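Welcome to this guided tour! Open the structure in your viewer, keep the selection tool handy, and follow along from stop to stop.

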Amino acid sequence: MERIIYSYIEKELLEDLLLSFYSCIDIPVQLLDENGVTLMSFGGLNDYCKCFQKFLKPGDSCAAFHQKAAANALHI
């Protein structure tokens with residue numbers, strides 16, 4: 001199934017842009033779909049999740065947090 005975002009921007013171009021962004025800021029970058037599923041990742045998931053771990057509720061995971069955030073973003 002083709003992701004909606006790729007109807008707006010070519011996958012290869014988006015990958016190049018995200019990689020360039022990661023290279024400039026040296027902070028992990030992820031592209032998530034509307035369900036919180038990671039489509040692209042630069043810099044490592046573990047490093048990315050470590051940044052937000054202190055904000056998660058006990059028992060929550062980074063993946064669950066992404067899914068909730070993606071669901072909330074659809075309702076904005």
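Start by selecting Asp26, just after helix H1, where phi takes a positive value of about 55°. This is a predicted model, so every stop on the tour shows a prediction. A positive phi here belongs to a residue other than glycine. Asp26 sits in the loop between H1 and E1. Is Asp26 buried or exposed? With a relative accessibility of 59%, Asp26 counts as exposed, because the cut-off for that word is over 50%.

Now stay in the loop and select Pro28, which also lies between H1 and strand E1 (29–32). Pro28 is buried, because its relative accessible area is 13% and buried means under 20%. Add Leu18 to your selection: it is ten residues from Pro28 along the chain, and the two C-alpha atoms are 9.9 Å apart.

Next, select the whole of helix H1, residues 11–25. How far does H1 reach from its first C-alpha to its last? The 15 residues of H1 span 21 Å, close to the 21 Å expected at 1.5 Å a residue.

While you are on H1, pick out Phe21, which is found in this helix. Phe21 has 46% relative accessibility, so it counts as partly exposed. Switch on the surface and add Ile25 and Ile27 to Phe21: together these three form a nonpolar patch on the surface. Their combined accessible area is about 270 Å².

Move on to the strands. Select E1 together with strand E2 (residues 38–42), and you will find them paired in the antiparallel sense over four bridges. For one pair to look at, select Gln30 and find its bridge partner, Ser41, in E2. E1 and E2 form a hairpin, with five residues between them. Click on Gly36 in the turn: here phi is positive, at about 85°.

For the last stop, colour the chain by pLDDT. The mean for the protein chain is 83, and 92% of its residues reach 70 or more. Which element has the lowest mean pLDDT, and which the highest? Helix H2 (residues 45–52) has the lowest, at 72, while H1 has the highest, at 96. Keep one reading tip in mind: where pLDDT is low, predicted coordinates should not be read in detail.

Methods: Residues are numbered from 1 along each chain as its sequence is written. This is a predicted model: local features need pLDDT of at least 70, side-chain atom pairs count only at pLDDT 80 or more; totals for chains, interfaces and linings use all residues. Side-chain values use heavy atoms; hydrogens and water are left out. pLDDT is the predictor's confidence in each residue, from 0 to 100. Helices (H or I, at least four residues) and strands (E, at least two) are DSSP runs, numbered from the N terminus. Patches are made of residues with over 30% relative accessible area and no salt bridge: like charges are joined within 9 Å, nonpolar side chains (Val, Leu, Ile, Met, Phe, Trp, Tyr) within 5 Å. Accessible areas come from the Shrake-Rupley method with a 1.4 Å probe; for residues, only the protein chains shown count as cover. A salt bridge is a side-chain nitrogen of Lys or Arg within 4 Å of a carboxyl oxygen of Asp or Glu. Buried means under 20% relative accessible area, exposed over 50%, partly exposed in between (1.4 Å probe, protein chains only). Two strands pair if DSSP finds at least two bridges between them. The expected span of a helix is 1.5 Å times one less than its number of residues.
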